[in-house]
Amino acid sequence: MIPTATYRIQFTPTFGFDECRKILGYLSRLGVSHIYASPIFQARPGSDHGYDVCDHNAINPELGGEEALAELTRARKRRKLGWIQDIVPNHRAVFGGNRTLVDLLENGSRSRYFNFFDIDWNHPIESLRGRMLAPFLGDLFAHTLENGEITIGLDEDGFYVRYYELRLPLSLDSYADILSLNLRELKRRLGEDHPEYVKLLGLIYSVRSLGAAEIEEEYYEQISFIKRLLFEMAKPSKPVGRHVNDNLAIINGEKPRDEERPYDLLAELLAKQHFRLSFWKVASEELNYRRFFSINDLICLRVEDVDVFDHTHEMVLEKTAEGEFDGLRIDHVDGLYDPTGYLRRLRERAPNALLYVEKILCREGGEDEHLPGFWPIQGSTGYEFMNAACGLLTDPGGEEPFESFYREFTGLKQSLDDLAVDKKRVIVRRHMTGDVDNLARHVNAVASRDLRGFDITMNATREAIAEVLCRFPVYRTYASGEVFRPADMTYIRQAINSARRAKPDLRHEFDFLERFLLLRYDDRLDEESRREWIHFVMRFQQYSGPLMAKGHEDTLLYVYNRLLSSNEVGGSPENFARRPDDFAVFVRDRAEHWPRGMNATASHDNKRGEDARMRLAALSQLPEQWRQAALAMREAAAPLKGKAGGRRAPDGNDEYLVYQCLLSHWPWDKEEREGFADRLEAYLVKAIREAKEHSGWLTPDEDYERAMVEFARELLDAKKGKAFREIFEPLWERVSRAGAILSLSQTMLKAVCPGLPDVYQGCELWDFSFVDPDNRRPVDYGLRSRLLTELDKAEKEDREGLLAELLESPEDGRVKLFVLSRLLRLRAEMPDLFERGGFEPLILEGQQAGCAYGFARTGEGGTAVALLPRLFASAAGETRLPVGAFWGDTRVADMSEAADLEVPLRDIFTSREFSPSSSLYLSEALKEFPLALLVPAQ
C-alpha cells in the first residue's frame with residue numbers, strides 16, 4: 001500500500017490502544033493512510049511519551065498490552081490503515097523495570113548483558129573502574145547517608161538499595177556480607193544444628209561459590225535458587241528473617257553499632273557495588289556512561305553490537321515481518337555510534353518496511369544540510385520541510401527591519417554567531433566536561449604513538465576538542481572506516497578553521513585534531529592504533545549532536561528572539577525567510593531523492609504550534625506595525641514590571657519574547673482562554689530556564705521567574721492590562737486573521753509538495769500550543785469527527801454558502817479541517833501523481849504577483865496546479881481577504897507549462913471548472929476561496 005498521509009498519535013496511559021481504536025473511522029474519513037505511533041514499548045510507569053523505554057520486547061501494559069494492540073491491529077486492517085512505529089534504539093531508562101540493566105548491576109562482568117550499555121568500565125578515576133556512575137542523588141553522598149535517605153531492602157528479587165523512587169540491585173557478592181553480619185549471635189540463639197541456621201550457612205556458601213560456575217546457564221540457575229531460598233528463609237516469622245531484618249536495621253543506621261558513625265557499614269556495602277551512587281552534579285565532570293543528551297537516567301545502548309541489536313529489535317522485527325508494522329521511525333539516529341551501519345542492518349532485517357529517521361537537518365550559516373544519500377531509508381520525519389514551508393511564507397524583506405528593531409528594543413550587541421558559540425560553551429562547562437575529558441583521553445592515547453602528536457598535552461587537547469565541538473555547524477557527521485562523504489569533510493574543516501581563528505595559540509592541536517577527524521593516518525601507525533583513531537572519530541560524532549541540541553536548540557533558540565517562528569526544531573534564527581527560487585530548489589531535491597520523506601508542520605518536539613508559527617510569519621510582513629505596537633506596548637506595560645535582584649524585570653529580551661508569544665499563542669476559543677495564563681506561565685518558566693540568562697534548571701532564580709510570570713499575567717488582566725490590551729488586540733486581530741490564511745497555505749504545501757504529509761495529533765484544527773508538554777494535551781476527537789461529518793454534509797447541500805461561512809468565521813478551525821481533509825482525500829485518489837509526479841513552480845505576473853505562490857505537480861498519475869497566498873498581510877490591509885478583486889491583474893504567465901490545456905480543470909475546494917487557456921487570472925481562480933488546487937475535471 002502506497003502511503004499517502006500519516007497521522008501522529010502520542011500514546012499515553014490515558015490514551016491507549018482502545019482509545020485509538022475508537023477514532024479509526026474518523027482517521028479514515030480524514031484521508032489518512034497510516035497511523036504514525038509514538039513508542040508503545042514498556043516504559044517507566046506513568047510515562048506520557050514512551051521514550052523512557054525499559055523493555056524493547058514488551059508492549060506497555062499501561063497502553064493496554066499485547067491483547068489490546070492485537071485488537072487495534074485487526075480493527076485498523078479492516079479499514080486498510082497502515083502503521084508506522086516509532087522505535088528507540090539509542091537508550092533505555094535507568095529504572096527497576098529495565099531488567100537488563102538490573103542484571104548488569106547485580107552481576108557485573110558475569111552478566112549476560114555486560115556489553116549492552118555504553119559504559120567505560122576502564123575509566124581512569126579509580127572509583128569508577130569496574131563500576132557505573134549512578135548520579136541520581138539530590139545532595140552530596142555523605143549528606144544523603146546522614147539523612148537516612150539511602151537504605152537497603154529485600155524482596156523476592158533479592159537485596160536492593162533504595163533512594164526514594166530509585167531502586168538498584170546489590171551485587172550477589174554483597175549478600176554474604178549482609179547475611180554474615182552477627183552470624184555468631186544467630187548461632188548462639190539457634191544452635192549450630194538448627195535447620196534454619198544450617199540452611200543459612202549453605203546459602204552463604206552458595207553465594208561465595210558463584211564464581212566457580214563456568215557455564216552461564218548454571219550461573220543463572222544458582223542465582224535463581226539463592227534468591228528463592230533467601231526470600232523463603234527471610235520471612236519475618238522465621239528466625240533467619242529476624243536476623244536479616246536486624247542486620248538491615250544496623251546497616252541502614254536504624255540500630256547503629258557506633259553512635260558517632262552509624263552509616264559506616266552502609267557506606268562500606270555501597271563501595272562494593274557495580275555502581276557508584278553520587279550527587280547528580282558529578283555527571284557533568286565525571287561520567288563513564290553515555291546518556292541521552294544530558295539526561296542522567298537515560299543510559300545509552302551499544303546497538304552497534306549485533307547481539308544488542310538482535311536483542312533490542314526482536315519484537316520490532318517480528319511484528320514488521322508479520323505485517324503488523326508497515327514502517328519504522330528511528331528516534332535520535334544521530335545518537336548511534338554508526339548510524340549508517342545501523343540503518344543498513346535494519347534494512348537487511350526489514351527489507352520491505354518504510355524506514356524514517358528522526359534527523360534534524362540544521363546547518364548554522366543558513367545553508368541546507370542534506371541527508372546522507374547512501375542511507376537505505378524513505379527519508380526523514382520532516383523537520384526540514386516544516387522550516388522550509390514556514391520560510392516561504394515569511395517575508396524576506398522583513399529581516400533587516402526586524403533585526404534592527406530587535407537590537408534596539410533589547411540592547412543586544414553580540415553577533416548571532418558569537419552568541420551561538422557562547423551558548424555551546426555554557427553547555428560544555430555545565431554538562432559535558434566529563435564527555436570532553438573522555439574524548440581527550442582517546443586522542444592522547446593515539447597521539448603518544450604519533451610523532452606529530454607527541455608533544456600535545458591532555459589539557460590542550462581538551463580545550464581544542466571543546467572549541468571545535470562548539471563551532472560545529474551541523475548536528476553530526478557520518479564518517480566511518482567505510483564511508484566519508486565530501487559534505488562531512490566540509491563541515492569538519494569549517495569547524496576547525498573557525499576554531500583556529502578564535503584560538504590561534506592552539507594551532508598545533510587543531511592541526512592534529514583535523515588529521516584525526518579527517519582520518520589522515522600516519523603510514524607508520526599500526527592496525528590497532530588505526531582502529532582507535534576511527535573509534536575516536538565515531539565517538540566525537542556522537543557528542544557533537546547533543547551539544548548542538550542543548551546549546552543551539554535548547555538554549556540559543558530561547559535567547560535570540562528576533563522572530564520566534566525562526567526558532568524552531570530543525571531551524572535556525574539565521575534562516576529568517578526562504579525566497580521562492582530557493583524553496584523550489586529544496587522541493588526539487590526532495591522530489592528527486594526523498595519522494596516519500598515526511599512533510600511535517602508540527603511534532604511533539606516543536607517549540608510552538610504550527611498555526612502559532614503562521615501568525616509570526618504574518619507578523620514578518622508587518623515590520624513597521626510591529627515596531628510601533630511593540631514600543632507602545634512597552635510604554636503601556638512599564639508600570640506592570642516588577643523587580644528581581646534590584647533590577648526591573650523582565651528585561652528587554654524577555655519582554656520582547658512575551659509580546660510575540662501573546663501574538664502567536666493567544667487563542668480564539670474563549671473557553672481555551674480561561675486556562676491560557678497557566679499554560680503561558682509554564683512556558684515562560686521553561687523558556688527562561690532554557691535560556692540560562694536569568695535562571696536555569698540547576699539554579700532557578702525564583703524572584704526573576706515570579707516577576708516575569710506576574711508581568712505576563714497582568715498584561716492579560718482586564719483591568720491592570722487595559723492600556724496594553726488596547727494596543728495589543730488590534731495587532732493580534734490582524735496577524736491572527738492573516739496567520740489563518742497562511743496556515744491554509746502551509747497545509748496546502750504540506751499536502752501537495754513532494755513528500756508524505758504528516759498530521760500531528762489534533763492539528764486538523766487550529767494549533768496554538770506551546771512546547772512540550774503543552775503540545776501533548778488530550779485531543780477532542782469527538783468534536784473533530786462531528787465537525788468533519790457536518791462539513792461533508794454542508795458541502796453537498798450548499799458548497800458556496802459553506803465556503804463563505806468558513807471564511808467569515810475562521811475562529812472554530814473548521815476551514816482548516818475542510819482544506820486538510822479535501823487535500824488528503826485527493827492524495828488517496830491520485831497516489832501515483834503525488835508520490836512520483838514532478839514539481840514545477842509557476843511564473844506569476846501582475847500587481848500582486850509577489851503575494852502568491854503557485855506550482856504544478858505533473859506526471860503519469862495526472863496533473864495538479866496549486867495556487868496559494870504568501871506575502872499578502874501588508875497588501876491586504878487590516879481585514880481584507882486575499883480573494884477575488886484583491887489579486888487585480890495577477891495571473892499565471894503560461895499555463896501550458898503546467899497543465900494539458902485540452903482538459904478542463906476543476907478546483908477541489910470550490911468545484912468550479914476552468915476552460916483550457918494559456919493564462920489563468922488569480923482573481924478568477926481565487927474568487928471564492930483563498931486557495932485553489934486544480935485537477936483535471938472528471
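**Helix crossings, sheets and single residues**

The crossing of helix 19 and helix 22 is right-handed, where right-handed means that the near helix is turned clockwise from the far one by less than a right angle, and left-handed that it is turned anticlockwise. Residues are numbered from 1 along each chain as its sequence is written, and side-chain values use heavy atoms, with hydrogens and water left out. The model is predicted, so that local features need pLDDT of at least 70 and side-chain atom pairs count only at pLDDT 80 or more, while totals for chains, interfaces and linings use all residues.

Helix 19 covers residues 458-470 and helix 22 residues 527-553; helices (H or I, at least four residues) and strands (E, at least two) are DSSP runs numbered from the N terminus. The axes of helix 19 and helix 22 come within 10 Å and cross at roughly 55°, the axes being lines fitted to C-alpha atoms over the stretch in contact, with angles from 0 to 180 degrees between N-to-C directions. Helix 19 and helix 22 are therefore oblique to each other, since angles under 35 degrees count as roughly parallel, over 145 as roughly antiparallel, 65 to 115 as roughly perpendicular and the rest as oblique. From helix 19, Ile465, Val468, Leu469 and Cys470 meet Phe536, Phe540, Tyr543, Ser544 and Leu547 of helix 22, contact meaning heavy atoms within 4.5 Å.

A second helix pair brings together helix 15 (residues 383-392) and helix 23 (residues 580-593), whose axes come within 10 Å and cross at roughly 155°. That angle makes helix 15 roughly antiparallel to helix 23, and the crossing is left-handed. On the side of helix 15 the contact is made by Glu384, Phe385, Ala388, Ala389 and Leu392, and on the side of helix 23 by Pro580, Phe583, Phe586 and Arg590.

Turning to the strands, an open sheet is formed by eight of them in the order 16-15-14-5-2-1-20-17, with parallel pairing. Strand 16 (379-380) and strand 17 (598-600) stand at the edges with a single partner strand each, so one side of each is left without a neighbour in the sheet. Within this order, strand 2 (residues 34-37) pairs with strand 5 (residues 82-87) in the parallel sense over four bridges, where two strands pair if DSSP finds at least two bridges between them. One of these bridges links Ala37 to its partner Gln85 in strand 5.

Elsewhere, strand 8 (residues 150-155) and strand 9 (residues 158-163) run antiparallel and are joined by six bridges, with Val161 in strand 9 as the bridge partner of Ile152. A hairpin of two residues connects strand 8 to strand 9.

Two single residues show contrasting surroundings. Thr747, in helix 30 (residues 722-752), is buried, with a relative accessible area of 3%, whereas Lys643, in strand 18 (residues 642-644), is exposed, at 60%; buried means under 20%, exposed over 50% and partly exposed in between, with a 1.4 Å probe and protein chains only. A polar atom of the Thr747 side chain lies 2.9 Å from the backbone oxygen of Ser743. Leaving aside neighbours within four places in sequence, Thr747 is in contact with Lys816, Val819, Leu820 and Leu823, and Lys643, not counting residues up to four places away, touches Arg648, Ala649 and Ala707.

Finally, helix 13 (residues 314-321) has Met315, Val316, Leu317, Lys319 and Thr320 as its buried residues, and just after helix 13, Gly323 takes a positive phi of about 85°.

Definitions and conventions. Polar contact = N/O pair within 3.5 Å; in protein donor to acceptor, adjacent residues only side chain to side chain.
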